Amino acid sequence: MFMSTNLSKQTVLVTGASSGIGQAIAIAMGKAGANVVINYHSDDEAANGTLDIIHKNGGEGLIIKADVSREDEMVAMFANAIKYFGTIDILVNNAGIQKDSKFIEMSLQDWQEVMDTNLTGQFLCAREAAKEFCRRGVVAGRSVAAGKVIFISSVHNIVPWAGHANYTTSKGGETMLMKTMAQELAPQKIRVNSIAPGAIKTDINKKVWSDPVQAKELLRMIPYNRIGEPEDIAKVAVWLASDEADYITGTTIYVDGGMTLYPEFAYGG
Ligand code: BGC
């Protein structure tokens, strides 16, 4: 049977879609034919920029400003998106932040804010999306699954990272949330997976890749010898959301140029 990565007639909600990986995924999903709900937290202009690009490519979009860590805002966001486009077929749980500090200096606030956005936010969105997938079920001719959830994780779901205990813990937690959801919801034909990016050129790590000395150091940790682009992640997200990937659930796909291959061992050991 011929299948494709065409997502027409489907609606995707991407959190944190005003910049970086989320923006690239929103644009790629629009190009693949999906209606795109662009969630963002604070940068109005950037969110409009995402929508403009989707429109220029002939796609449809809806911008919703909301904080993923707030239950009331997430319930309202999903209700509005479903009212506008009729339903939701794909959730990309992308919104994430870093608040780095040495472990013994880490404030409860920095710990909590990272958990709230990176983990609780993903839980709230995934729950609302799964409710809609369960309510609606499979629609013939649209997708063989009732719904797809893609978590944007990180190599730091398995790679410890000194100075980032809140971030790594949120990503480790995300992995078990993803797997548990995948096990629980598979009978309802809902696929749940993660993409774990390595170092991708976005604002979150701009300080590192824009500095030649630090960028060189970073490349030592990437056997494939280039820093990733947001589009590297977006392409995989489109494929993973499509029926081409129908038998994949409960998995993390590393898109990291080999960052998880213990790169230091290339220099000795
Ligand atoms: C972090 C980036 C980092 C990358 C690789 C990501 O999850 O957000 O800051 O460059 O992991 O270490």
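1. The ligand in this predicted model is surrounded by Q98, S154, H156, W161, Y167, G198, A199, I204, N205 and M259, where a residue counts as near if one of its heavy atoms lies within 4 Å of the molecule. By class, this shell holds five nonpolar, five polar and no charged residues; Ala, Val, Leu, Ile, Met, Phe, Trp, Tyr, Cys and Pro count as nonpolar, Asp, Glu, Lys and Arg as charged, and the others, Gly among them, as polar.

2. The side chain of Q98 has an N or O atom 2.6 Å from an oxygen atom of the ligand, and a polar side-chain atom of S154 also lies 2.6 Å from a ligand oxygen atom. For H156, the separation between a side-chain N or O atom and an oxygen atom of the ligand is 2.7 Å. Of the 310 Å² of accessible area that the ligand has on its own, the protein covers 90% (Shrake-Rupley method, 1.4 Å probe).

3. An open sheet of seven strands, with parallel pairing, follows the order β3-β2-β1-β4-β5-β6-β7; strands are DSSP runs of E with at least two residues, and two of them pair if DSSP finds at least two bridges between them. Its edge strands, β3 (61-65) and β7 (252-255), each pair on one side only.

4. Strand β2 (residues 35-40) runs parallel to β3 and is joined to β3 by five bridges, and N39 has I64 in β3 as its bridge partner.

5. Residues are numbered from 1 along each chain as its sequence is written. Local features need pLDDT of at least 70, side-chain atom pairs count only at pLDDT 80 or more, totals for chains, interfaces and linings use all residues, and side-chain values use heavy atoms, with hydrogens and water left out.

Definitions and conventions:
Polar contact = N/O pair within 3.5 Å; in protein donor to acceptor, adjacent residues only side chain to side chain. Helix = DSSP H or I, 4+ residues; strand = E, 2+ residues; numbered from the N terminus.
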